[in-house]
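Trainee: Could you walk me through this model and then take a close look at a single part of it?

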Amino acid sequence: MEQRRCGCRRERRWWLAFVLILCNGARAQLRYSISEEVEKGTAVGNIAKDLGLDKGALQGRGYRIVAGSAEPIVEVNRDDGILYVARRIDREEACERSSPCVVNLKSVLEHPLEVHYVAVEILDINDHSPVFLEKEKRFEISESATPGARFQLQGARDPDVGQFSIQQYKLGQSEYFRVEVKDRGEDRKVPFLVLLKRLDRETKGRHRLRLTAVDGGKPPKSGSIDIVVDVLDVNDNSPVFDKELYSVSLEENVPAGTVVVQVNATDSDQGANGEVVYSLGKEVDSKVLRLFSIDPKTGAVRVTGHLDFEESQSYVIDIQASDKGNAPLTTDKSVLITIVDVNDNAPEIEVTSFSNAIKEDAKIGTTVALISVSDLDSGMNGKVLCSIKHDVPLTLSPSLQENMYAVVTKSRLDREHVSQYEVTITAKDTNEPVFSTEKTITVVVSDVNDNNPEFSSSPYTFYIAENNVPGASVFSVKASDQDEGDNALISYQIIREASADTKLLSFININPETGEVTALKSFDFEALKSFQFQVSATDGGSPPLSGNVTVKVFILDRNDNAPVILYPLSSNGSARGAEEIPRNAKAGDSVTKVRAYDADTGYNGWLLFSLRPLGERALFSLDRYTGQIRTLRPFTETDEAEHRLLVLVKDNGDVSLSATATVTVKLAEPKEALAASDHAGSAAEADGREDRVTFYLALTLGSVSLLLVIAVVVLIAMRCSKSAEYTSKYLQDAHYDGTLCHSIQYRSGDKRYMLVGPRMSVASAGAPGSHAGTLVLPDARRAAAGEVRQTFSNCSIFNGCVSLQRGFLWTSIKYRKIDAHYRMMLLE
């Protein structure tokens with residue numbers, strides 16, 4: 001055994017036949033040899049060295065063995081490039097009796113892609129002994145057999161090949177027999193028992209022999225069988241075939257029952273000794289027995305199985321002709337059947353390497369996949385043509401290696417147009433009948449950031465009703481991006497330019513994820529009619545792309561202001577006035593005119609006047625649009641001297657708001673009117689005399705009021721600094737007429753309030769943007785009602801500020817006596 005191992009080591013040599021073929025990068029065929037049964041991990045060769053690569057290149061370029069479904073017999077250590085045995089190798093299992101035994105492998109280098117072919121030859125060692133299928137073989141030989149007669153013996157089987165297969169047969173010492181060996185190729189040696197001299201049954205009726213088969217190993221291995229020869233009498237002629245050699249050609253796939261050839265043999269003996277029967281040789285392989293049969297009477301050889309050229313291209317059948325003598329004589333003859341190939345196999349497509357995703361900006365000619373095609377047929381039947389079935393931006397690029405193709409791009413890709421392609425590769429052979437095979441691969445086009453976000457509308461126009469809830473969403477913008485993933489992830493932001501109204505935009509906020517715009521303050525149509533700003537949408541690509549849109553916002557008016565009576569003036573919370581007209585007034589004479597205004601616009605600010613009777617209404621009429629009160633008829637002596645008229649002023653809002661004024665009309669006699677005029681003249685003279693006293697009194701009151709106003713301002717500032725919740729910011733009305741302050745506005749937190757006095761100019765009262773004489777209290781604990789009315793007394797308004805003649809400064813919903821009527825209302 002030790003000697004055999006030494007012989008194996010001497011025979012284990014490294015040899016390499018290196019063939020380099022250029023095909024879309026370097027492709028090479030490497031050849032190695034290794035003995036079977038070597039230990040796992042035994043080195044076969046150095047792939048990195050043979051490919052001319054550094055050791056680290058295999059790891060970096062992703063070198064791998066493509067073994068298909070079978071477990072590879074070798075693996076590569078990508079760290080040092082050594083090709084080593086991956087599992088136990090049995091040459092007989094891998095190649096049976098084929099010689100040489102070559103295992104072809106494919107290997108792939110990624111980045112860039114290269115395909116290399118590796119052929120590993122498995123060298124045989126003498127690891128099997130010759131074995132006979134039977135332990136004993138019996139022969140019956142007629143004593144009339146002439147010397148030189150040959151009898152075929154059962155050959156031994158040895159899975160090894162070459163020099164390790166059976167080399168010779170040895171027969172135990174015998175004076176009557178010797179062994180002769182016939183070499184039929186493919187390591188098949190058939191032993192024949194040869195008669196040396198005539199047998200004499202009466203001298204010795206049975207001969208026992210021992211046949212030994214010896215292989216060519218060092219040391220050799222052997223196997224034995226016992227042969228028992230019984231000597232028979234009489235029949236001394238063997239059948240003779242009419243041809244020396246039978247040879248026939250047969251197409252594959254012929255139907256069962258087809259006659260292949262008919263053999264014929266004759267025997268010169270008579271009777272049963274001359275009747276010939278045919279049979280397949282005893283040494284015929286079991287595979288041949290499944291494919292062929294012979295008629296024992298006629299000698300016709302028929303097909304009984306499926307013949308496949310790709311499985312075997314020829315068969316040798318041993319035919320045996322025997323007579324029917326008591327000691328039958330037999331003659332063997334071989335029939336050579338050559339199988340003719342027909343086109344019966346469809347091509348096969350194998351994807352060697354495949355990148356299922358490719359960027360849409362990939363250059364033309366970028367390799368997507370490598371495929372190889374094959375056909376088991378031979379010659380023209382195995383010639384294959386490949387093509388891509390559908391119109392896709394991919395094409396097949398043939399390589400220098402036969403039946404190898406690269407799938408490459410032939411035009412620009414656009415993921416937004418087509419996100420993936422079903423590429424169907426068709427392989428078709430060139431002979432009749434034509435066979436074809438299709439294989440479909442899915443190529444996904446991956447996204448790059450090449451599309452800007454686009455808004456659904458440009459510009460956006462939105463309408464918002466005033467008095468919206470602060471912090472609530474008022475509208476939203478929406479942008480889309482044709483890209484996908486992070487490239488389509490959009491964030492929104494408001495563009496705050498230096499030229500824009502930064503104060504206004506500070507009250508506008510946008511959700512960066514949803515595009516919802518919220519207003520942090522409540523809009524007032526009377527203060528702001530419209531505004532616009534820009535929104536930017538930016539995707540999440542690298543580098544990011546963006547798009548802008550202009551947003552125009554229009555504030556819609558609501559009926560949130562009640563009519564304000566300008567004349568008659570309010571006193572103690574009610575608008576009351578008194579007018580005197582002569583009793584001799586005619587029909588249609590003007591009595592007075594009720595003046596009012598509404599801060600709202602449109603229908604919400606359109607006022608209508610109506611008269612509500614408190615007495616005899618038939619004496620007066622009211623113009624519903626102008627508020628003018630006129631007499632309907634002359635007065636009579638029976639008419640009362642005083643009439644009270646209640647005037648209702650309503651706006652045209654959906655929910656109408658109103659105000660009332662009471663006008664007292666007194667009828668005076670003409671002479672009383674004249675007396676009143678004289679009295680007025682006397683009063684003017686008296687006033688002249690009292691001017692000096694009034695001047696000093698006014699100076700005194702003004703000084704006291706000024707000091708009180710300063711104290712009030714300081715007190716308010718101190719109270720506002722103590723509580724952030726009640727911090728107030730005063731906003732002076734733009735329509736202040738310069739004499740009396742008719743309104744004071746201020747803020748507390750997110751609330752806005754206004755105090756309006758009882759006296760103001762007509763111009764300021766009717767101007768757009770006026771706040772209709774309302775006040776909103778800063779106390780968070782105030783009543784939830786939309787309008788709160790309080791009565792003040794002993795208060796005067798001077799130079800836009802509130803002062804008190806007596807009592808205390810108003811700082812909350814509490815009040816003291818004031819000599820004027822005020823309205824307090826929550827604006828926000």
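Trainee: How much area does the protein expose, and what share of it do carbon and sulfur atoms supply? After that, please zoom in on Glu283.

Mentor: Happy to! The protein exposes about 44,100 Å², and carbon and sulfur atoms supply 51% of it (Shrake-Rupley method, 1.4 Å probe; for residues, only the protein chains shown count as cover). This is a predicted model, where local features need pLDDT of at least 70 and side-chain atom pairs count only at pLDDT 80 or more, while totals for chains, interfaces and linings use all residues. Residues are numbered from 1 along each chain as its sequence is written, and side-chain values use heavy atoms, with hydrogens and water left out.

Of the 828 residues, 44% are buried (under 20% relative accessible area; exposed is over 50%, partly exposed in between; 1.4 Å probe, protein chains only). There are nine helices and 58 strands, taken as DSSP runs numbered from the N terminus (helices H or I, at least four residues; strands E, at least two).

Now for your residue. Glu283 sits in the loop between strand S20 (277-280) and helix H5 (286-291). Its relative accessible area is 14%, so Glu283 counts as buried. Beyond its neighbours within four places in sequence, Glu283 is in contact (heavy atoms within 4.5 Å) with Gln152, Leu153, Gln154, Gly155, Arg157 and Arg188. Take Leu153: 130 residues separate it from Glu283 in sequence, yet their C-alpha atoms are 8.9 Å apart. For the whole protein, among contacts between residues at least 6 apart in sequence, 66% join residues at least 24 apart.
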